[in-house]
Amino acid sequence: MTPVTLVILTLNEIDGVTQVVPKLPLHAVDEILVVDGGSTDGTLEFFESRGIRVVRQERRGRGEAFRLAAQHARNDQLVFFSPDGNEDPDDIPRLVEGLAAGYDMVIASRFMTGGRSEDDDKFLFASRRWGNLLFTWLANVLCGRGGWITDTINGYRAVTRAAFQRLAPDAHGYAIEFQMSIRALQLGLRVLEIPTQESPRIGRGVSKLNAIPVGFRFLGVLARECAWAPVRR
């Protein structure tokens with residue numbers, strides 16, 4: 001089986017990492033690589049004391065973290081994981097199995113049958129679920145080539161290095177996963193989704209996503225990607 005790098009994305013996640021990291025299925029991966037956006041709460045010391053390699057970002061942002069991971073990972077299959085409590089470590093082997101089966105990208109979907117979003121039980125206008133579903137629908141309708149992705153935004157995913165290089169994502173912040181999904185639809189890459197159950201965030205961990213400005217950024221990404229769609233096809 002092709003070696004796999006588990007990429008852990010962190011920014012002040014000490015509460016999460018102390019609880020989640022011991023639960024990681026290390027038998028399913030060959031390397032752990034931490035990409036950190038500038039933690040000051042002991043997150044860096046937690047990993048360094050365990051001999052886990054850490055890459056520190058000079059520029060903040062999730063998009064930069066993805067690109068650094070692809071640059072520094074020792075293996076050609078990457079699984080991106082956030083240790084804030086939302087993502088189920090037990091899904092990691094299933095993501096790895098998807099790549100081993102020949103898929104270019106495997107996404108843990110909160111919205112396919114069997115999946116669940118952390119926001120599912122929230123009041124209508126307090127939930128980001130509806131924005132996620134709207135952007136997902138727009139991406140599929142405007143950019144799809146017959147395939148359909150049920151969760152274009154979730155960052156819990158695996159991808160081959162070759163596919164990542166072909167996607168060449170240049171978006172900043174949380175828009176990078178959305179851009180990767182759009183380009184995968186445009187290029188006709190083989191994408192597999194597995195249902196995932198999001199859990200509540202751990203401890204002081206809070207979402208670093210500000211819904212309104214991120215939503216506008218998503219709109220900008222969607223408009224730009226649609227404009228370039230004929231070129232990619």
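The following exercises, each with a worked solution, examine the packing and the charged pairs of this predicted model.

Residues are numbered from 1 along each chain as its sequence is written, and side-chain values use heavy atoms, with hydrogens and water left out. Because the model is predicted, local features need pLDDT of at least 70 and side-chain atom pairs count only at pLDDT 80 or more, while totals for chains, interfaces and linings use all residues.

**Exercise 1. The nonpolar cores**

Task: Identify which residues of the largest nonpolar core touch the most other members, and which helix gives the largest share of this core.

Solution.
1. A nonpolar core is a set of buried Ala, Val, Leu, Ile, Met, Phe, Trp, Tyr and Cys residues joined through side-chain atoms within 4.5 Å. Buried means under 20% relative accessible area, exposed means over 50%, and partly exposed lies in between (1.4 Å probe, protein chains only).
2. The largest core has 39 residues, and V35, F80, V159, F178 and M180 touch the most other members.
3. Helix α7 (residues 175-187) supplies the largest share of this core, eight residues. Helices (H or I, at least four residues) and strands (E, at least two) are DSSP runs, numbered from the N terminus.
4. A separate second core of 29 residues includes L6, I8, A28 and V96.
5. As background, nonpolar side chains tend to be buried together in soluble globular proteins.
6. Contact means heavy atoms within 4.5 Å. With neighbours within four places in sequence left aside, the contacts of V35 are V7, I8, L9, T10, V55, Q57, A65, L68 and A69.

**Exercise 2. Strand β5**

Task: Determine how many residues of strand β5 are buried, and which strands it is joined to by bridges.

Solution.
1. Five of the five residues of β5 (residues 105-109) are buried, so the strand is largely enclosed by the rest of the structure.
2. On one side lie M105, I107 and S109, and on the other V106 and A108; both faces are covered.
3. Two strands pair if DSSP finds at least two bridges between them. Three bridges join β5 to β6 (residues 157-160), and these two strands run antiparallel. Here I107 stands opposite R157.
4. Five bridges join β5 to β7 (residues 191-195), in a parallel arrangement. In this pairing M105 stands opposite V191.

**Exercise 3. Helices α3 and α4**

Task: Explain why α3 is described as largely enclosed, and state what covers the buried residues of α4.

Solution.
1. Eight of the eleven residues of α3 (residues 62-72) are buried, so this helix is largely enclosed by the rest of the structure.
2. The buried residues are R62, G63, E64, A65, F66, L68, A69 and A70.
3. They pack against β1 (4-10), β2 (31-36), β3 (53-56), β4 (77-81), α6 (161-167) and α7.
4. In α4 (residues 92-100), the buried residues are I92, P93, L95, V96, G98 and L99. Their cover includes β1, β4, β5, β6 and β7.
5. G102, which follows α4, has a positive phi, near 105°.

**Exercise 4. Salt bridges**

Task: State how many salt bridges there are, and decide whether E177, R62, D76 and R161 are buried or partly exposed.

Solution.
1. A salt bridge is a side-chain nitrogen of Lys or Arg within 4 Å of a carboxyl oxygen of Asp or Glu. By this rule there are 15 salt bridges.
2. E177 and R62 form one of them, at 2.3 Å from N to O. This pair links distant parts of the chain, with E177 in α7 and R62 in α3, 115 residues apart.
3. E177 is buried, at 1% relative accessibility. R62 is also buried, at 16%.
4. D76 and R161 form another salt bridge, at 2.7 Å from N to O. D76 lies in the loop between α3 and β4 and R161 in α6, 85 residues apart.
5. D76 is partly exposed, with a relative accessible area of 45%, whereas R161 is buried at 14%.
6. A network of salt bridges links D170, R183, R224 and E225.

**Exercise 5. The surroundings of W148**

Task: Locate W148 and list what it contacts.

Solution.
1. W148 lies in the loop between α5 and β6; at 49% relative accessibility, this residue is partly exposed.
2. Leaving aside neighbours within four places in sequence, W148 contacts W137, N140, V141, L185 and E193.
3. The C-alpha atoms of W148 and W137 are separated by 9.0 Å, and the two residues are eleven apart along the chain.
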